[in-house]
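Welcome to this structure, which may be new to you. Here are some notes from a colleague to read with the model open beside you.

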Amino acid sequence: MELIIIPTYNECNNLERLLSMIYKETPDIHVLIVDDNSPDGTGELVKTLIQKRYSNQLFLLERSGKQGLGTAYIVGFKWALKRSYKYIFEMDGDFSHNPKYLKNFIVAIKKCDVVLGSRYVHGGGIINWNFFRRIISYGGSLYSRMFLGMPLNDITGGFKCFDRKVLEQIPLDNIQSNGMSFQIEMTYRAFLQGFIVKEMPIVFEERATGKSKISVKIFMEAVFMVWKLRFKKASFSNKNGWKE
Ligand SMILES: Nc1nc2c(ncn2[C@@H]2O[C@H](COP(=O)(O)OP(=O)(O)O)[C@@H](O)[C@H]2O)c(=O)[nH]1
Ligand SMILES: [Mg+2]
């Protein structure tokens, strides 16, 4: 059984239509929304949708305030591991990650341990990003690839799928990153544990409505985190993870 985790902060205008697209593509899939008390009422919308339409397939975890994407995924992963999901997705709630790719992921994950939706392989791409965003993203992947020695092209993306055994092996309480580098850290830890990570082309589309939450702080966290990950490598490739 598959679960998609979608962290949300002010995605009221996107979520209802996104969910209907997801269930159209993959009718049996389960979705967990992790909402940080969005001021626009995203949490309320999800509660209504659970009541009225998707009672057995849609779930909501609510946190009291905006605490970042990384920790939202961590609580989502823990929720998933307490249940019997075999494949666990990360996905944005703003249409950047097109649900039409879900089926391809489900085929691909059966032959490996982690599937990354990749913008930088043949067939992948980006629509509607300015030059600056492209440089940050592509540069970030190149930089991580070089420093961390991972033979992957898109390391900063957030549309991905894990086999549950990967999440069982990664010490979730020791994850250091919360912003953009969360994606890098999760993949790096899976890679160091010897799991097979494959890339699958996706075309990423910039959100049409709502605001991106990326900031200079999130970007700088990523720049320094790659160094930190690199030099902590020895201590966290063992199963006990990485303790400060
Ligand atoms: N729960 C939660 N979700 C967040 C937070 N920050 C971003 N998100 C969600 O994470 C996804 C990606 O965020 P977005 O701002 O679009 O990042 P970008 O695509 O890198 O510009 C969206 O679904 C956001 O609503 C947060 O602090 N908490
Ligand atoms: Mg986005």
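The points below go from the ligand to the core, the helices and a few single residues.

1. A word before we start: this is a predicted model. Please keep that in mind when you look at any single residue.

2. Let us begin at ligand 1. It is surrounded by 21 residues, and the closest are P7, A72, G93, S212 and K213. Three elements give two or more residues to this shell: β1 (2-8), β2 (30-35) and α3 (69-81). Of the elements, β1 gives the most, with three residues. By character, the shell is made up of eight charged, seven nonpolar and six polar residues.

3. Next, the nonpolar interior. The largest nonpolar core has 58 residues. Those with the most contacts inside this core are L3, I4, I5, V31, I88, F89 and F105. To see one of them in its setting, pick I5: leaving aside neighbours within four places in sequence, I5 is in contact with L32, V34, Y73, G76, A80, I88, F89 and E90.

4. Strand β1 also holds E2. Is E2 buried, exposed or partly exposed? E2 has 19 C-beta neighbours inside 10 Å, and burial takes 20 or more, so E2 counts as partly exposed. Not counting residues up to four places away in sequence, E2 touches I29, H30, Y85, Y87, F89 and I106. For a sense of scale, E2 and M186 are 184 residues apart in sequence, while their C-alpha atoms are 19 Å apart in space.

5. Now follow the chain to helix α1 (12-25). The 14 residues of α1 should span 20 Å at 1.5 Å a residue, and the end C-alpha atoms are 21 Å apart, which agrees. N14, L15, L18, L19 and I22 are the buried residues of α1. A general point helps when you look at their spacing: an α-helix has 3.6 residues a turn, so residues three or four places apart point the same way. The partners of these buried residues in α1 are β1, β2, α2, β3 (58-62) and α4 (102-109).

6. L19 is a good residue to select within α1. L19 counts as buried because it has 23 C-beta neighbours inside 10 Å. Apart from neighbours within four places in sequence, its contacts are V31, L49, Y54 and L58. L19 and A108 lie 89 residues apart in sequence and 22 Å apart in space, C-alpha to C-alpha.

7. Which residues of α4 are buried? They are L102, F105 and I109. These residues cover an arc of only 55° around the axis, which puts them on the same side of α4. The face turned away from that buried side carries the exposed residues K103 and V107. On the buried side, α4 packs against α1, β4 (87-90), β5 (114-118), β7 (160-163) and β8 (197-201). You have met F105 already, as one of the residues with the most contacts inside the largest nonpolar core.

8. How well does the span of helix α5 agree with its number of residues? This helix covers residues 131-148, and its 18 residues should span 26 Å at 1.5 Å a residue; the end C-alpha atoms are 25 Å apart, which agrees. Buried in α5 are S137, G140, S141, S144 and L148. Seen down the axis, the buried residues of α5 fall within an arc of 90°, so they line one face of the helix. On the other side of α5, the residues F131, F132, R134, I135, G139 and M146 are exposed. After α5 comes G149, with a positive phi near 70°.

9. Lastly, please look at the backbone at two asparagines. N10 has a phi near 60°, a positive value in a residue other than glycine, and N37 also has a positive phi, near 55°. N10 is found in the loop between β1 and α1, while N37 is in the loop between β2 and α2 (42-52). What is the burial of N10? N10 is buried, since 21 other C-beta atoms lie within 10 Å. N37 has 14 C-beta neighbours inside 10 Å, so N37 counts as partly exposed.

Methods
Residues are numbered from 1 along each chain as its sequence is written. Chains are lettered from A and ligands numbered from 1 in the order in which they are written. This is a predicted model: local features need pLDDT of at least 70, side-chain atom pairs count only at pLDDT 80 or more; totals for chains, interfaces and linings use all residues. A residue is near a molecule or strand if its C-beta atom, placed from the backbone, lies within 6 Å of it. Helices (H or I, at least four residues) and strands (E, at least two) are DSSP runs, numbered from the N terminus. Ala, Val, Leu, Ile, Met, Phe, Trp, Tyr, Cys and Pro count as nonpolar, Asp, Glu, Lys and Arg as charged, and the others, Gly among them, as polar. A residue is buried if 20 or more other C-beta atoms lie within 10 Å of its own, exposed if 12 or fewer, and partly exposed in between; C-beta atoms are placed from the backbone. The expected span of a helix is 1.5 Å times one less than its number of residues. The arc is that of the directions from the helix axis to the C-beta atoms. Two residues are in contact if their C-beta atoms, placed from the backbone, lie within 7 Å. A nonpolar core is a set of buried Ala, Val, Leu, Ile, Met, Phe, Trp, Tyr and Cys residues joined through C-beta atoms within 7 Å.
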